[in-house]
Amino acid sequence: MTEFERALLDLLPRLRRFARALAIDAADADDLCQIALERALKAEAQWEKGSRLDSWMYRIMRNCWIDEVRARKRRSETFVAEEEGLAVGEADDRRIEARVELGHVDRAMAALPPEQREVIALILVEGLAYREAAELLDLPMGTITSRLVRGRQALMEMLGEAA
């Protein structure tokens, strides 16, 4: 690790606090901190050794936050032309219904025990053969089969479908 990287690492708690003060939301603050650190690492040559690294990083972080706020504002002000609304119809309705149904499936999958969820993900979602899943998870075929059956049944119950 270089001296510059060590100095950034030492500064990290202060940078996270500053990011949290700017962004308020913890997830946004973490993203902001990561973006600022990436920019700093790419621009290491621009930092003048002997100058205050914390001030330089705060400036980078503040500029990153200003960019993010501006981008959010632009995204919220983006309007679609009136003619685009004419194309909204049955195809869009089916797409919306599919998204809603996918949300139900995602929530049902999240409610499954991890053992069942991983077997269902490997076999039903990723398309692995039972044997491949058994080898990957280092489990007997019977265990894979029983977890898959129990997981399918639980999903069908949660989604309101007949077994």
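This note walks through a predicted model, point by point.

1. **Overall fold.** The protein chain has 163 residues. Its secondary structure comes to 8 helices and 0 strands. Along the sequence, the pattern reads α-α-α-α-α-α-α-α.

2. **Surface and contacts.** Of the residues in the protein chain, 24% count as buried. The accessible surface is about 11,700 Å². Carbon and sulfur atoms account for 53% of that surface. Take the contacts in the protein chain with a separation of 6 or more: 58% of them are between residues 24 or more positions apart.

3. **The largest nonpolar core.** This core has 21 residues. Which of them touch the most other members? They are Leu8, Leu15, Leu53, Trp56, Met57, Ile60 and Met61. Helix H1 (3-23), H2 and H3 each supply at least two residues of the core. The largest share, 7 residues, comes from H3.

4. **Met61 up close.** Met61 is a good place to start looking at this core. Leave aside residues up to four places away in sequence, and Met61 touches Leu15, Phe18, Ala19, Leu22, Leu32, Cys33 and Ala36. Leu15 appears again here: Leu15 and Met61 are both listed among the core members that touch the most others.

5. **A second core.** A separate nonpolar core holds 12 residues. Among them are Ile120, Leu122, Ala133 and Ile144.

6. **Salt bridges around Arg72.** The structure holds 7 salt bridges. One of them joins the side chains of Arg72 and Asp28, at 2.9 Å from N to O. This pair links distant parts of the chain: Arg72 lies in helix H3 (residues 53-77) and Asp28 in helix H2 (residues 26-42), 44 residues apart. Arg72 also forms a salt bridge with Glu68, where the closest N and O atoms are 2.8 Å apart. Here both partners lie in helix H3, 4 residues apart, which is about one turn of the helix. Arg72 counts as partly exposed, at 32% relative accessibility. Glu68 is partly exposed too, with a relative accessible area of 24%.

7. **A network with Arg14.** Salt bridges that share partners join Arg14, Arg52 and Asp54 into one network. Within it, Asp54 pairs with Arg52, and their closest N and O atoms are 2.6 Å apart. Are these two partners buried or exposed? Asp54 is buried, with a relative accessible area of 9%. Arg52 counts as exposed, at 56% relative accessibility.

8. **A buried arginine without a salt bridge.** Arg147 is found in helix H8 (residues 141-159). Arg147 is buried yet has no salt bridge. What is the nearest side chain of opposite charge? It is Glu118, 4.0 Å away. Not counting residues up to four places away in sequence, Arg147 touches Glu115, Gln116, Glu118, Val119 and Leu139. A reader checking this site should look at both the charge and the surroundings.

9. **Positive phi at two loop residues.** Ile24 is not a glycine, although its phi is positive, about 70°. Ile24 is found in the loop between H1 and H2. Ile24 is exposed, with a relative accessible area of 60%. Asp138 is not a glycine either, and its phi is positive at about 55°. Asp138 is found in the loop between helix H7 (130-137) and H8. At 68% relative accessibility, Asp138 counts as exposed.

10. **Cysteines.** How many disulfides does a search of the whole structure find? The search finds 0. Cys33 is in no disulfide, and the nearest cysteine sulfur, that of Cys64, is 10.0 Å away. A disulfide needs the sulfur atoms within 2.5 Å, so this pair does not qualify. Cys33 is buried, with a relative accessible area of 4%. Cys64 is likewise in no disulfide, and Cys64 is buried, with a relative accessible area of 5%. Cys33 has a link to an earlier point, as one of the residues that Met61 touches.

Key: Residues numbered from 1 in each chain as written. Predicted model: local features only at pLDDT ≥ 70, side-chain atom pairs only at ≥ 80, totals over all residues. Heavy atoms only, no water. Buried < 20%, exposed > 50% of the residue type's maximum accessible area, 1.4 Å probe, protein only. Core = buried A, V, L, I, M, F, W, Y, C linked by side-chain atoms within 4.5 Å. Contact = heavy atoms within 4.5 Å. Lys, Arg positive; Asp, Glu negative; His and termini not counted. Areas by Shrake-Rupley, 256 points an atom, 1.4 Å probe, with all protein chains shown as cover.
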